[in-house]
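User: I would like a close look at one strand in this model, followed by an account of the other parts that can be described in similar detail.

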Amino acid sequence: MHTATETNLFPDNPCANALTELALNMRWSWNHSADELWNELDAGLWELTGNPWVMLQTVSREKLRTVTSDARFQEKLGRLLQAKRQHERTPGWFQKEYAKPPLTAVAYFSLEFMLSDALPIYSGGLGNVAGDQLKAASDLGVPVIGVSLLYQVGYFRQHIDAEGRQQAIYPFNDPGQLPIRPVRQTNGEWLRIAVEMPGPKLWPRTWEVEVGRTKLYLLDTNDPANLPEYRGITSELYGGGPELRISQERVLGIGGWRLLRALGINAEVCHLNEGHAAFVVLERARSYMAETQQPFDLALKVTRAGNLFTTHTPVAAGFDRFAPELVDQYFRGYAQETLGVSMRELLALGRQNPDDASEPFSMAYLAMRGSGAINGVSRLHGEVSRRIFQILFPRWPQAEVPVGHVTNGVHAPIWDSVEADELWTAACGKDRWIGDLARIEDNLAQPTAAQLWAMRTSARKSLVEYVRKRLSRQMARIGASAEEIGKIGQTFDPNTLTLGFARRFATYKRPNLLLHDPDRLRAILANKKRPVQLILAGKAHPQDALGQEMIRQWIEFIRHTPARSQAVFLSDYDMGVTEHLIQGVDLWLNTPRRPWEACGTSGMKVLVNGGLNLSVLDGWWAEAYSPGVGWALGDGQEHGDDPAGDAAEADRLYTLLEHEVIPEFYDRDESGIPARWIHRMRESMGCLTPAFSANRAVREYTEKHYIPLATAYRQRSSDGNKAAIDLLKWAQGLRVLWPKLRFGPLRIEVEGDRTLFDVQVYLDELDRDAIRVELYADAVEGGEPIRQEMMRGESLIAAGNAYHYSASVPASRPSGDFTPRIIPCHPDAFIPLESAQILWYR
């Protein structure tokens, strides 16, 4: 048995140890009931760090004794501790919905998790999704367990120098200051997991993070027990070259699965959050081989049924790909000695063409070939992903490429402001985000327009105060004079329409689209009657020179504009900056180049706070937008990087601001309330907040993927692997006999309002139940394709294994729209994911 080390820093202070129990569970990051305690302990340190665990190790023992001796403090602490323990015992949505749990564990693998700035092991969107889904799973009682890496420096921190240039800073993550605990064996030894490398073995050590009712496990190679070159594997998130990346992904996938097995966690479902984790496909199969003494092909057939691959990438070039020589260096021994397969067979799992020895190894292809389901992260991204992966399913229509979608959502409790939380609680109750969200929209009709506007006014005022304070610190760092810093007190107005734009600065996100016509933008900001203020933030990757130049251009604009007090760029965009921005802005801007925004969750975060969106019709906004909830940019088409298209969208952006957004915000009734703005705000909050919440996303994953995949895995692994053995034989037979399939003549007749199709099919030696004959027609006018099964009729005389297949369809469509085809058929197979053969009549 393995357990996290009990932390007892204060053997003579039970109250302080109770505080430790609260501080080491990340639930404090979204359940703010203990904030008052941390503030009372040391208000300045709490504001600076937002990390209760650091505070407990930093404040003096005398101060701690004094505070924890107060009867009122003790009483409040006792209530919080009781509430925490009661929450952990109380059944969640999952337990209430499923009296007999259909799964016991989902292992969620991600290269990053954004839980809090107290644990800086994230970069951006991917970690945001992973962290928010883990928190929502805890709220709902869904048994999800996270697996990731502990980075020594995480992602870089940003400083903007006096010339407006981005400087990358890499502060060290001291494990002793992070809200994590070592996982130890029963004999007290640190739990280390063996991972084979070229050369001596690597022994990552293990840390545990409590996240409400669930856990996140982190692997860490920075251990003196490892070689110096191994210790640096978990040095930096998204840093280094291909060797560092393949090493990190090996530790995540192979080491991560071994860690779960060492902990006694038998996960039926393994969720790969991007292709970075794809090596877990191999290790899960290897583990099954060792347990059942089965060969690799059968083990993969069994275990893939319980694997889910979520892709976040909108372009094929965005997937991790490794040179064959590098894969050979790191995996030859693992393939041949551990999996019992050749390097050619292993490399084929990550290639479009197994016979092309020069083709790189794609982690996305490995993930797809090792999973039972694949999904994109928005409806549009599902379509884009089907286009990307169609190369693996030749001759299949794009609409049938096996990639679905589960649109991302955000964890509302961590992103809502105090003012928003109070309003939502009054309307919908304290437990509104831990159930099925059924009455959220109806209940949000209760707050009056005055209450909604008061919430927004208060949140905007808090944001202005935050901007002034942070900007003063930022300016002092670059040597600004006392006079310049003093003027920051006049920066921004709590009654002015406030726009926010905060993204990773990359060319496809077009962060400078709003800067296309600087004079027009200055006029919008400096309008005396209807002023606008703009807050920007964002990082560019340290190796992205173009992204860094776009940041410099914004800094230059702000410093040399008459409306300098109307626009600011806040450096070091992190979770804390995000929280303040999305709580206080009135309008969130997003201007990606369609369809390169796979989903985009930043705009979702403003919903719970009453903020509105003005965004390109890309990612989540392409399915969320309607005229009553915000504003849309673009025509819903793809225009590439055409400068003329950018100019047209920039002009449309200015026009929307000038003629719709700004007038609506400042058009007030006799009570001083912008009635049309409030109506739009209520619609956005009520309709979109629940629909684009992590609660909805996790419930959708559970019902659409986790439970069906767990069922499929148990079926294939039960009864001596009988179902999997049958599937393997079926698939092998298809590969051998498929080339012998052929069509005979096709006869078409029209009878009244029906068109009849009859076609001859010659099966040779193939079992007639191993295939399905269909009549297919492409979708028209946004509808669904027609897939009409053709029924087997009489056998052909003297033709052996050959039959008539027939079907009838409405004569409203021309017969030429329809084509007979043959596809594989098996009740337990994922088609075409596992068998992509297809034969068309023509």
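How many of the residues of strand β3 (residues 144–149) are buried? Please start there, then go on to the other sheets, the salt bridges and the helices.

Analyst: The model is a predicted one. In strand β3, six of six residues are buried, so the strand counts as mostly covered. The cover applies to both faces of β3. On one side Val-144, Gly-146 and Ser-148 are buried, and on the other side Ile-145, Val-147 and Leu-149 are buried as well. In a regular strand, side chains alternate between the two faces of the sheet. Strand β2 (residues 106–109) runs parallel to β3 and is joined to it by four bridges. One of the residue pairs is Ala-107 with Ile-145, its bridge partner in β3. Ile-145 is also among the buried residues of β3.

Two open sheets come next. One has four strands in the order β21-β22-β26-β25, with antiparallel pairing. Its edges are β21 (742–751) and β25 (791–795); each has a single partner strand, so one side of each has no neighbour in the sheet. On average, and ignoring direction, neighbouring strands here are turned by 25° against each other. The edge strand β25 is joined by three bridges to β26 (residues 802–810), and the two run antiparallel. Within this pairing, Arg-792 stands opposite Tyr-805 in β26.

The other open sheet also consists of four strands with antiparallel pairing, in the order β24-β23-β27-β28. Its edge strands, β24 (786–789) and β28, each pair on one side only. Strand β23 (residues 771–777) is joined to β27 by six bridges, again antiparallel. Ile-771 has Pro-824 as its bridge partner in β27. The loop between β27 (819–824) and β28 (839–840) holds His-826. His-826 has a relative accessibility of 12% and therefore counts as buried, the limit being under 20%. The side chain of His-826 makes a polar contact of 2.8 Å with the side chain of Asp-726.

Salt bridges are the next topic. The whole structure has 62 of them. A network of salt bridges links Glu-400, Arg-772, Glu-774, Arg-787, Glu-789 and Arg-821.

Among the individual pairs, Asp-320 and Arg-245 meet through their side chains at 2.9 Å, N to O. This pair connects distant parts of the chain, with the two positions 75 residues apart in numbering: Asp-320 lies in the loop between β10 (307–310) and β11 (321–322), while Arg-245 belongs to helix α10 (residues 242–262). Asp-320 is buried, with a relative accessible area of 16%. Arg-245, at 17% relative accessibility, also counts as buried.

Two further pairs each stay within one helix. In helix α8 (residues 125–140), Lys-135 and Asp-132 are three residues apart, about one turn of the helix. Their side chains form a salt bridge at 3.9 Å, N to O, and both Lys-135 and Asp-132 are buried. In helix α23 (residues 545–559), Arg-552 and Glu-549 are likewise three residues apart, about one turn. The closest N and O atoms of their salt bridge are 2.8 Å apart. Arg-552, at 26% relative accessibility, counts as partly exposed, and Glu-549, at 29%, is placed in that class too.

Helix α23 also contains Ala-545. Is Ala-545 buried or exposed? Its relative accessible area is 59%; the cut-off for exposed is over 50%, so Ala-545 is exposed. Between Ala-545 and Arg-379 the separation is 166 residues in sequence and 32 Å in space, C-alpha to C-alpha.

The last element is helix α27 (residues 643–666), which has 24 residues. At 1.5 Å a residue α27 should span 34 Å, and its end C-alpha atoms are 33 Å apart, so the two values agree. Helix α27 nevertheless has a kink of about 40°, centred on Leu-657. At the start of α27, a side-chain oxygen of Asp-642 comes to within 3.2 Å of the backbone nitrogen of Ala-644.

Terms used. Residues are numbered from 1 along each chain as its sequence is written. This is a predicted model: local features need pLDDT of at least 70, side-chain atom pairs count only at pLDDT 80 or more; totals for chains, interfaces and linings use all residues. Side-chain values use heavy atoms; hydrogens and water are left out. The expected span of a helix is 1.5 Å times one less than its number of residues. The bend at a residue is the angle between axes fitted to the seven residues ending there and the seven starting there. A polar contact is a pair of N or O atoms within 3.5 Å; within protein, one must be able to donate a hydrogen and the other to accept it, and residues adjacent in sequence count only if both atoms are side-chain atoms. Two strands pair if DSSP finds at least two bridges between them. Axes are lines fitted to C-alpha atoms, for helices over the stretch in contact, and angles run from 0 to 180 degrees between N-to-C directions. A salt bridge is a side-chain nitrogen of Lys or Arg within 4 Å of a carboxyl oxygen of Asp or Glu. Buried means under 20% relative accessible area, exposed over 50%, partly exposed in between (1.4 Å probe, protein chains only).
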